[in-house]
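I opened my notebook for another model today and kept a short record of each thing I looked up. Here it is, in the order I went.

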There are 2 protein chains.
Amino acid sequence: VGDGFLTRLDEFSLIRMLTANKQSKTLLHKHGVSVGIGDDAAVASISSGHQLVMSCDSMVDGVHFHRWTMRDEDIGFKSLAANVSDMASMGAIPKYALISISVPNHFSDYRLKRIYKGIYECANLYDIAIVGGDTTASRREFMLSITIIGEVETNKALLRSTAKRGDQLFITGVLGRSAAGLDYLWQQQKTNLSIDHVPSEWRGLVAEHRKPRPSVEAGRILLRSNACRALNDISDGLASEAWEIADASHVSILLHENSLPIAADLAAYAQTRGKSPLDWILYGGEDYSLLGTLPPHQVQAVEKALQHAGLEFYIIGEVTDEMKKEVSILDQTGTMNRVEKKGYHHF
Amino acid sequence: VGDGFLTRLDEFSLIRMLTANKQSKTLLHKHGVSVGIGDDAAVASISSGHQLVMSCDSMVDGVHFHRWTMRDEDIGFKSLAANVSDMASMGAIPKYALISISVPNHFSDYRLKRIYKGIYECANLYDIAIVGGDTTASRREFMLSITIIGEVETNKALLRSTAKRGDQLFITGVLGRSAAGLDYLWQQQKTNLSIDHVPSEWRGLVAEHRKPRPSVEAGRILLRSNACRALNDISDGLASEAWEIADASHVSILLHENSLPIAADLAAYAQTRGKSPLDWILYGGEDYSLLGTLPPHQVQAVEKALQHAGLEFYIIGEVTDEMKKEVSILDQTGTMNRVEKKGYHHF
């Protein structure tokens, strides 16, 4: 049991410390959690007329996040948020999460506590019950693997494989801000400023990177509209997600560069860096807006429903072809260029 | 994207290679899987009148397994088996699993394929649909995190917190064989023999360590008996699991050394090593039998039901006290000794 590694018995105290009294009984009760953390498994209910939706996502220290860009609370928050986004992209309601962490020797309880603080901040914001997990020792790396379980009305889940020729392509939020925030943090790393110090003008970009807000409400509105054909979340960038829909639905997609909304802070930041925001929009990723398709005659109704809820909606292109899988962009000169099948890579 | 790390786009081909056509459509259909691997999340149903049961468990290369004791197929098989055992210990039926792996640069596709082969071997044996997962790069360590989701009749799950004074303590299989198998493999490591070479007399011990068979059927029989009070799986050894029941149920537990069954191969192996098998039985772990309690008047009926299914059943002690949490063992001289609160540690 030597060398300060976690032992199985220490694990219980550690888990208790990290998880006890972090969520209201009301939340657990509302989600029908009859056995939570503390037994071999959790027990809970899903609503009648609903199906289970299940997904998992891992983050590795030094690969998916870095100490000079993410504070510990951000690591926790964003790891769960990435999972929540997978529920949003199905039109599902997130309900339960299980947290698996692997912790090296040198990792302090203090850091762990802050990471869990971020996890619970996101969980409480999205009304998700943390019902279990596993804490293991690792030799060198810190790793966080989360499984999320939600529910969706039977046979209503929104897929990426159901886009049709003639559909309009939409997004539910501006893109590229998370990648610009990350770019700012990498630039700042060259200085000696604390990672807590972010000038007010770029704070929105950095917050988008560190504490993204997945689009659960937009997903639910899209599902209830009965109009949405295909849906994806934009975790790996617009280009990569458009390719996923094209590949899965066997269609071609055409983006209109002129229609892509550019946030004011993104435009301003891009200017200070002498770059075009388009690269971040297409290839940046981690925006966690939704990308979807719907038939043209439904556009107005869906736009209205989203705007009524205070949410954004932009038509940015169309589904042009069947059988041929291709993603292109019509640039500002009227030229059609192929969009590269590349996404956000954590290297 | 450099240095041969997995990229997000490579990930799709890799996952396809590892998971395509590994399970029958019948299995997926039977479990109501309407969306499997390939979208942002999987969609499936649970049976009416049932609750969800959820659990996760991780294994880290060099911490939970070693190259000189476990072949790649074993790593995959056992990682899922450990999760299946958590379902067994609740009396639940395992249905779905999500596989999250973190893979360093130098890890070959060949090894990954063999690990997945073991995962699917276990999944198909226990009728579990692999419905999702995540594949990420790590910098140095190989890690496997699995979430398992099952179902149990509403309000019927078997807990560890419900033992009562006067209950008899039982196990559903002999203990200590996995730990003895591991001991053999560590001894063999000092020689130059291949890890595939195991003499026939110790093959059973080694198989118990590498490919344990969780006790799903026993758990289901115990649940249906309506007699079982508390239940745990013996993943961390008899001592540790008895302590878990004592702590969670606020009771004392007395083990009878004379009642502990000792397998013939375990006894023979212990003799060659000049050791007592008791240490492996109490502190060895990874046996994946079940440890539970039930009222004395129910013992005969439960024993009969298990034996009818060809399963084992041994009474090994009793619940002696309420309020005071303690685990003791009555040794062969009639002396009562405190059982240490220690379990199997992977170090």
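These entries go from whole-chain values of a predicted model down to single strands and residues.

**Entry 1: chain A as a whole**

I began with the secondary structure, and chain A has 11 helices and 12 strands. Next I checked the radius of gyration: chain A comes out at 21 Å, and the globule rule gives 20 Å for 347 residues, so chain A is as compact as a globular protein of that length. I also took the span of the C-alpha trace along its principal axes, which is about 65 × 55 × 35 Å.

Then I turned to burial and surface. In chain A, 61% of the 347 residues count as buried. The chain exposes about 13,400 Å², and carbon and sulfur atoms supply 49% of that area. For contacts with a separation of 6 or more, I found that 85% are between residues 24 or more positions apart.

**Entry 2: the seven-stranded sheet of chain A**

I followed an open sheet of seven strands in chain A, in the order E7-E9-E6-E10-E8-E11-E12 with mixed pairing. Which strands stand at the edges? They are E7 (230-233) and E12 (336-338); each has a single partner strand, so one side of each is left without a neighbour in the sheet. From one strand to the next, the twist averages 25 degrees.

**Entry 3: strand E9 of chain A and its partners**

I stayed a while with E9(A). On one side, E6(A) (residues 168-171) and E9(A) (residues 290-294) pair antiparallel over four bridges. Within that pair, Gln168(A) faces Leu294(A), and Leu169(A) has Thr293(A) as its bridge partner. E7(A) is also joined to E9(A) by four bridges, and these two strands run antiparallel. There, Asn232(A) has Leu291(A) as its bridge partner.

Is E9(A) enclosed or open to the surroundings? Five of its five residues are buried, so E9(A) is largely enclosed by the rest of the structure. I noted a general point here: side chains in a regular strand alternate between the two faces of the sheet. For E9(A), I listed Leu290(A), Gly292(A) and Leu294(A) on one side, with Leu291(A) and Thr293(A) on the other, and all of them are buried. Both faces of E9(A) are therefore covered, with each residue under the 20% cut-off for burial.

**Entry 4: towards the E12 edge in chain A**

I moved along the sheet to E11(A) (residues 326-330). Four of its five residues are buried, so E11(A) is largely enclosed by the rest of the structure. E8(A) (residues 251-256) joins E11(A) through five bridges, and the two run parallel. I picked out Ser252(A), which stands opposite Glu326(A) in that pair.

E11(A) also pairs with E12(A), this time antiparallel and over three bridges. Leu330(A) is opposite Met336(A) there. The hairpin of these two strands has five residues between the strands, and Gly334(A) takes a positive phi near 85 degrees in it.

**Entry 5: a loop residue in chain A**

I looked up Asn105(A), which sits in the loop between strand E3 (93-104) and helix H4 (109-125). Its relative accessible area is 37%, so Asn105(A) counts as partly exposed. I also checked Asn105(A) against Ser138(A): they are 33 residues apart in sequence, and their C-alpha atoms are 7.4 Å apart in space.

**Entry 6: the sheet of chain B**

In chain B I found an open sheet of seven strands in the order E7-E9-E6-E10-E8-E11-E12, again with mixed pairing. The edge strands are E7 and E12 (336-338) of chain B, each pairing on one side only. I sampled one pair inside this sheet: E8(B) (residues 251-256) and E10(B) (residues 314-322) are antiparallel over five bridges. In that pair, Leu254(B) has Glu318(B) as its bridge partner.

**Entry 7: Asn232 of chain B**

My last lookup was Asn232(B), in strand E7 (residues 230-233) of chain B. Is Asn232(B) buried or exposed? Its relative accessibility is 0%, so Asn232(B) counts as buried. I found a polar contact of 3.0 Å between the side chains of Asn232(B) and Arg160(B). Leaving out residues up to four places away in sequence, Asn232(B) touches residues of chain B including Ser89(B), Glu241(B) and Leu291(B). Asn232(B) also touches Asp39(A) and Asp40(A) of chain A.

Conventions: Residues numbered from 1 in each chain as written. Chains lettered and ligands numbered in written order. Predicted model: local features only at pLDDT ≥ 70, side-chain atom pairs only at ≥ 80, totals over all residues. Heavy atoms only, no water. Buried < 20%, exposed > 50% of the residue type's maximum accessible area, 1.4 Å probe, protein only. Polar contact = N/O pair within 3.5 Å; in protein donor to acceptor, adjacent residues only side chain to side chain. Contact = heavy atoms within 4.5 Å. Pairing = 2+ DSSP bridges. Axes fitted to C-alpha atoms, helices over the stretch in contact; angles between N-to-C directions. Rg over C-alpha atoms; globule rule 2.2 N^0.38 Å. Areas by Shrake-Rupley, 256 points an atom, 1.4 Å probe, with all protein chains shown as cover.
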